[in-house]
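Student: I am new to this structure and should be grateful for a close look at a single part of it. Please take the sheet in chain A and then describe what else helps to place it.

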Amino acid sequence: MPDTAQANVPFAIATYDPDRLRAALRKMYLIRKFEEGAEDSYTRGLIHGTMHLSIGQEASAVASCMALTDDDKITSTHRGHGHCVAKGADVARMFAEFFGKEEGYCRGRGGSMHIADVEKGNLGANGIVGGGLPIAVGAALSAKRLGTGAVTVCFFGDGANNEGAFHEALNMAAIWKLPVVFVCENNKYGMSTSTERSTAVANIADRAAAYAMPGVTVDGNDFSEVAEAVETAVARARRGEGPSLIENVTYRWRGHSKSDRNRYRTKDEIAGWVKKDPIARMGAMLVTHGIMAEEDIAAMETDVDDEIAEAIEFARSGTDPDPAEVTRDVHTDRAA
Amino acid sequence: MNAAAGVRTREMSYAEAIRDAMDIALTEDERVVLMGEDIGVYGGAFQVTGDLVERHGPDRVIDTPISELGGAGVAVGAAMTGLRPILEFQFSDFATLAMEQIVNQAAKVRYMLGGAVSVPVVMRFPAGSGTGAAAQHSQSLEAWLGHVPGLKVVQPTTPEDAKGMLLAALDDPDPVMIFEHKLLYKLKGQVPEGRYTTPLDKAVVRRAGDAVTVVASGIMVHKALEAAGQLAEDGIEAEVIDLRSVRPIDRETILESVRKTGRLLCVYEAVKTLGIGAEISAMVAESDAFDFLDAPIVRLGGAECPIPYNPDLEKAAVPQIADILDAARALATGRR
Ligand SMILES: Cc1ncc(C[n+]2csc(CCOP(=O)(O)OP(=O)(O)O)c2C)c(N)n1
Ligand SMILES: [Mg+2]
């Protein structure tokens, strides 16, 4: 990889060609506008259930997938729309899932908290905090045994690092030197509980030491910093040297879920983080380095708006599942 | 003591009644502590603990990290050594992460130690479907825990019972598991003021009748009462029994009713097979009440599948009023 420090050029600019950088920015917009569309549909009573929005965390999702191909896997979380889009999902089918339609990624059975896109290597969001961590290790075990060369990126939140599953998963990944990269999206809170109140170490990356793997903490709202850390860890995993732990420090702008009154944090704190908008920072970086002009970005936004509007239309006019099929897919149909 | 005995009552929601019970316990008994995820300033995921942290302080209303297994174990250890913990699970589904401490420790310690200790712990589980939260946030697992000797398992269905059974659970020297259906939290009812207890081992006849016995548990009690009201318009008087306790099951109240009606319908939200209905049916079949049966016993339970996200599928997965109505009418009129 190029030596970026000397040239004073961000890693991402030095590493990725302009098309990929533009595509990355577009994905970040797609995530944000997907979630704004979902929020709006929910507020208007078009969809039910609950949802966890990742607005403000888009750099972490997209940059963490830059090193991956469709053959590589991810495991995601309850706050997983961003990961899903970053790994290449179609927002129309994501909306269809929200609307509970057969065209949705889970045929309307899973909803927001369970969206998966297995073809693109997304093994799924998860309703259980920490649920994806050992599963990621299992995917990495498969890759190693089957010799596929695939790497698994395991997304999880700061809150998940206090589940036993986190500790058990990291240990197994380390003793078996498995190709997995643990990406902690530290947005400062697990629901209302700050990391200061929930976690004994100052940085979640400090926990890597207990499992003899590299651990780094990066600015999770800086696309380039995240991409560099994950590229390094993925390269290490592909060389067969085992797992790494990366902590992307970021922030969710919205409440934990639809029912959050934000009593555990201040308006000032939220406003401070809104100023560190990862999408604005990515756009500014691309403009500074002559990859896009402001007008290009404005046009991109309009284009994404159109895609979202079409996706919502597609979802609304989708097919309702037949209640007679409620027990379908509990088991594999072996006759088929 | 109850509302009928001339005690002062106040209208409260089910959630407020639970909070009232915890407030009384925290005020009267220094040994009582509340533990759980986001039960402090957030007020609990369903706003059950509400403002208790402001009144009793964070040393007694303790936010735990997201560590269900550890949290349950800490509650068990504290209960063995002088505290009276009330542990709130954010959703009953997460009992699955804590099964080790609930099943292997809490339930068995007293027995294994030849009676040398007691484990006076209370655990509260928001349960059930109907919120669009899908497969990992909608389960009804009361029969799982009801299978374990050493535990007491209850499902209060009214605000009055929710308060009285929680206070009874705190008085009980052994572990008590309380399943609270999420859709009941906003249900209003008259609740006696001050301290009173409601037995943990008694079912109650909520509506008397002679045509058919409907034994319902949890939220199904309310659906069964609706159905019974509609049946009465056709001159069919159903007797509706609120099971209240899953372990132990109040055998006598059920048998007495069946001897009178000669017809039995069991209704519960949990998956139908290997559940509460099987147990109640067997109790009747093994007793003299069997001779009074004029028709085969009927069970209505959840479909053989996880709870789906799509609202129509979700309804199809659990018994609805119309299902109860049809089944009870068919039983009572002998048309099957
Ligand atoms: C095992 C389990 N415990 C609790 C919950 C409820 N819950 C859902 S998300 C969440 C907070 C998770 O925090 P974190 O891991 O930091 O992710 P974030 O929500 O901040 O993205 C909690 C407590 C759950 N879904 N699963
Ligand atoms: Mg978090």
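**The open sheet of chain A**

Tutor: In this predicted model, A:Phe182 stands opposite A:Leu245, a residue of strand 7 of chain A. The two strands concerned are strand 3, residues 180-186 of chain A, and strand 7, residues 244-249 of chain A, which pair in the parallel sense over six bridges.

This pairing belongs to an open sheet of five strands in chain A, whose order is 1-2-3-7-6 and whose pairing is parallel. At the edges of the sheet stand strand 1 (73-75) and strand 6 (215-219) of chain A; each has a single partner strand, so one side of each is left without a neighbour in the sheet. From one strand to the next, the twist averages 20 degrees.

Another part of chain A may be set beside the sheet. The loop between helix 6 (91-98) and helix 7 (132-146) of chain A contains A:Val118. With a relative accessible area of 58%, A:Val118 is exposed, because a residue counts as exposed when that value is over 50%. Together with A:Leu123 and A:Ile135, A:Val118 makes a nonpolar surface patch of about 260 Å².

For chain B, a record offers a further point of orientation. An unreviewed UniProt entry places the feature "domain: Transketolase-like pyrimidine-binding" at residues 12-187 of chain B. The end C-alpha atoms of residues 12-187 of chain B lie 8 Å apart, and this span is 36% helix and 17% strand.

Note on methods. Residues are numbered from 1 along each chain as its sequence is written. Chains are lettered from A and ligands numbered from 1 in the order in which they are written. This is a predicted model: local features need pLDDT of at least 70, side-chain atom pairs count only at pLDDT 80 or more; totals for chains, interfaces and linings use all residues. Side-chain values use heavy atoms; hydrogens and water are left out. Patches are made of residues with over 30% relative accessible area and no salt bridge: like charges are joined within 9 Å, nonpolar side chains (Val, Leu, Ile, Met, Phe, Trp, Tyr) within 5 Å. Accessible areas come from the Shrake-Rupley method with a 1.4 Å probe; for residues, only the protein chains shown count as cover. A salt bridge is a side-chain nitrogen of Lys or Arg within 4 Å of a carboxyl oxygen of Asp or Glu. Helices (H or I, at least four residues) and strands (E, at least two) are DSSP runs, numbered from the N terminus. Buried means under 20% relative accessible area, exposed over 50%, partly exposed in between (1.4 Å probe, protein chains only). UniProt positions are given in the numbering used here, feature names are shortened, and annotations may be inferred rather than shown by experiment. Two strands pair if DSSP finds at least two bridges between them. Axes are lines fitted to C-alpha atoms, for helices over the stretch in contact, and angles run from 0 to 180 degrees between N-to-C directions.
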